[in-house]
Amino acid sequence: MALSSLAVGTTLHAVYAADGEYYPAEVVAIKKKGQRPVKVHYKGFDASFDAFVSLDQLKNKSLGLTGKPTAAAAKAAAKAAESTVDYSGLERGHKFQVKADDGKYYLAEVVTVSKSKGNAAPVKVHWVGYTADSDVWVGADSIRSKALTAQDSVGEGVRFNQSSNMTLGYWKIRGLAQAPRVLMTYADMKFENKMFAQTPAPRPVPERLCKGHPFPDMQAYDDSKKCWFDVKFDVMGDYHSPNLPFLIDGDVKLSETNAILRYIGRKAAAKGGRLGSLMGGTPQEVANN
Ligand SMILES: N[C@@H](CCC(=O)N[C@@H](CS)C(=O)NCC(=O)O)C(=O)O
């Protein structure tokens with residue numbers, strides 16, 4: 001494909017360097033030479049996003065432009081595809097729960113496990129009670145099995161137990177726990193949503209209480225939170241700073257909302273598949289987390 005086939009106004013798809021994705025774009029200028037001779041405007045975006053790109057960063061079937069993934073995107077894709085999941089614990093006949101197209105989990109058994117590298121769906125499963133016609137190939141993100149372990153895909157070599165049952169604890173409100181709850185739901189993680197319900201605080205609020213310390217009636221307020229304060233050191237054991245929200249995942253105990261979110265994100269990414277690059281697919285994305 002020669003540069004001369006392009007003209008200002010040609011519509012195509014152009015790569016956006018920051019994320020390596022292709023977006024609808026229009027050619028707005030062409031330089032005679034240079035590594036990135038084509039200036040494009042991304043449709044629907046401000047002109048400040050206009051960028052110079054190379055021919056292999058453009059896609060347009062009729063012009064024979066097929067587009068190449070950017071080096072970063074190719075690396076990220078290769079890394080995400082490179083199975084960080086250890087499937088070696090799965091053997092023929094092994095039964096577990098597998099997510100079907102309807103989003104529900106059903107009992108299935110392993111037919112075979114592909115050894116090919118970079119395969120996001122290397123496990124062929126047979127739905128128990130159904131004919132072989134409906135056998136499907138699936139990956140770690142659809143499988144619930146203790147036999148499956150995974151490595152953190154951000155390269156830290158951390159192993160997470162993907163089958164452990166997590167507990168997220170917080171007051172019986174949305175508050176700081178809502179983001180971790182939503183993230184775990186998005187990541188298809190099973191967890192116990194433990195809510196500590198405060199008992200009603202005294203009403204009407206004694207006037208003295210609003211005026212400053214010391215509050216003779218403060219005890220009643222503290223008492224309303226006993227459901228947590230009476231148990232927090234038992235629940236969190238020798239963890240250095242027990243607080244709400246907390247997350248318990250097997251031996252792992254932690255507080256601080258942001259730390260919890262990062263932990264959940266890493267664990268989800270470590271499972272690979274759909275969320276393999278949740279915590280960043282490139283060094284820059286990892287740095288931005
Ligand atoms: N910096 C902590 C703040 C945690 C916090 O203030 N927790 C409040 C509820 S929002 C609490 O009642 N903690 C119970 C405790 O102190 O044990 C975070 O981001 O998680």
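**View 1. Val38 of strand 3 meets Val53 of strand 4.** In this predicted model, Val38 has Val53 as its bridge partner in strand 4. Strand 4 covers residues 51–53. Three bridges link it to strand 3. The two strands run antiparallel.

**View 2. Strand 3 also pairs with strand 2.** Strand 2 spans residues 21–30, and strand 3 spans residues 38–42. Five bridges hold this antiparallel pair. Look for Ala25: Tyr42 in strand 3 stands opposite. Strand 3 thus appears in two pairings, with strand 2 and with strand 4.

**View 3. Five strands make an open antiparallel sheet.** The strand order is 11-10-9-8-12. Pairing is antiparallel. Which strands form the edges? They are strand 11 (136–138) and strand 12 (143–144). Each of these pairs on one side only.

**View 4. Strand 10 joins edge strand 11.** Strand 10 runs through residues 123–127. Three bridges connect it to strand 11, in antiparallel fashion. One residue to pick out is Val123, whose bridge partner in strand 11 is Val138. In a regular strand, side chains alternate between the two faces of the sheet.

**View 5. Four strands make an open sheet with mixed pairing.** The order here is 16-15-17-18. Strand 16 (191–196) lies at one edge and strand 18 (252–255) at the other, each pairing on one side only. From one strand to the next, the twist averages 15 degrees.

**View 6. Strands 15 and 17 pair, and helix 2 packs on their sheet.** Strand 15 holds residues 166–171, and strand 17 holds residues 246–249. Four bridges join them, and they run antiparallel. Gly169 has Phe246 as its bridge partner in strand 17. Helix 2, residues 178–186, packs on the sheet. The helix touches strand 15, strand 16 and strand 17. Its direction makes about 150 degrees with that of strand 15.

**View 7. Eight residues are listed around the ligand.** Which residues surround the ligand? The shell holds Gly175, Leu176, Lys232, Asn243, Leu244, Pro245, Glu256 and Thr257. By class, the shell divides into three nonpolar, three polar and two charged residues. Leu176, Leu244 and Pro245 are in the shell and count as nonpolar because Leu and Pro belong to that class. Lys232 and Glu256 are also in the shell, and they count as charged because Lys and Glu belong to that class.

Key
Residues are numbered from 1 along each chain as its sequence is written. This is a predicted model: local features need pLDDT of at least 70, side-chain atom pairs count only at pLDDT 80 or more; totals for chains, interfaces and linings use all residues. A residue is near a molecule or strand if its C-beta atom, placed from the backbone, lies within 6 Å of it. Two strands pair if DSSP finds at least two bridges between them. Axes are lines fitted to C-alpha atoms, for helices over the stretch in contact, and angles run from 0 to 180 degrees between N-to-C directions. Two residues are in contact if their C-beta atoms, placed from the backbone, lie within 7 Å.
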